Amino acid sequence: MDRYARWNTLLEILAETGRITVEDAAERLGVSQATIRRDFDQLSQQQMITRTRGGAVAGGISYDLPLRYKTARHVEEKHRIGTAAAGLVSPGQVIALNGGTTITEVARALATRTDLVATPGSTGLTIVTNALNIANELIVRPHLKVVVVGGVVRPQSYELIGPLAAPILREITLDIAFLGVDAVDIKLGATSHHEGEAAINALMAARARKVVVIADGSKIGGHAFARICPTDRIHTLVTDQNASKDQLRAFEEAGIRVIVVLNGR
């Protein structure tokens, strides 16, 4: 388990329990107590936790962990989901990508698709995004036109949010909006932990002919604080085998195309 994976696990434990000792953390993660002490010290320096004698307590931890600590979650599933979602894109389209680890995998899959390169007399793929990390990865690809909306950066997700992003989004039209979400439920729709992200994502959805929700199975059937869009705005749901079959059946019965990526494929 690498450092960020350990940090992610420690933060999740603290978010659930409120405190943990060095001994308990070392046993649960299968590493030495010296390693845990270094982890605690580094997390404390970043003001993610509060050190105590012999352990640590939760200190201002948000349930919505920063993006760099989420990369260790469901890595293989997200990679496969991203590849499947990228397969829905055709040359010449204008698409939107919001932020998040799974959407980043969509962007990486798109970047390696040679069939999206513009040919004489045709237009290449245009990608509109409010995620700085995604824009940074894509701008080195000459066959992609990258449009970045304005706004204020939210450090947890690297997404641009706020009213400065809205004017650009209101002036464009999209073929597909690919939206990574914190949860999606048949009754509540697609949701996000942060209201600022939800507002921009909702605007992307409103400007798109099709909305494709990207979510690993752990997010199906859950809910978060702010709604992005209702279920009837979702055209396609891309997820993995870890999702509840009953939940997926409900989405299909609502007329939503469900793409399930098989584990290990």
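User: Which residue stands opposite Ile 176 in β12?

Analyst: The model is a predicted one. Strand β9 covers residues 174-180, and Ile 176 belongs to that stretch. Strands β9 and β12 pair in the parallel sense over six bridges. Opposite Ile 176, in β12, stands Lys 210.

User: Which strand is joined to β12 by three bridges?

Analyst: Strand β12 spans residues 208-214. Ile 214 stands opposite Val 238. The two strands run parallel, and the partner, residues 236-240, is β14.

User: Is strand β12 largely enclosed or largely open, and how many of its residues are buried?

Analyst: Strand β12 has seven residues. It is largely enclosed by the rest of the structure, because most of these residues are buried. The number of buried residues is five.

User: Is Asp 175 buried or exposed, and what is its relative accessible area?

Analyst: Asp 175 is found in strand β9. Buried means under 20% relative accessible area. Asp 175 falls below that limit, so it counts as buried, with a value of 18%.

User: Which residues does Asp 175 touch, not counting residues up to four places away in sequence?

Analyst: Two of the contacts lie in β12, whose residues are 208-214: Arg 209 and Lys 210. The full list for Asp 175 is Gln 93, Val 94, Arg 209 and Lys 210.

User: What distance separates the centres of domain 1 and domain 2?

Analyst: The domain assignment gives domain 1 as 3-62 and domain 2 as 75-260. Their centres are taken over C-alpha atoms. The separation is 32 Å.

Note on methods
Residues numbered from 1 in each chain as written. Predicted model: local features only at pLDDT ≥ 70, side-chain atom pairs only at ≥ 80, totals over all residues. Heavy atoms only, no water. Buried < 20%, exposed > 50% of the residue type's maximum accessible area, 1.4 Å probe, protein only. Helix = DSSP H or I, 4+ residues; strand = E, 2+ residues; numbered from the N terminus. Pairing = 2+ DSSP bridges. Contact = heavy atoms within 4.5 Å. Domains from an automatic or database assignment.
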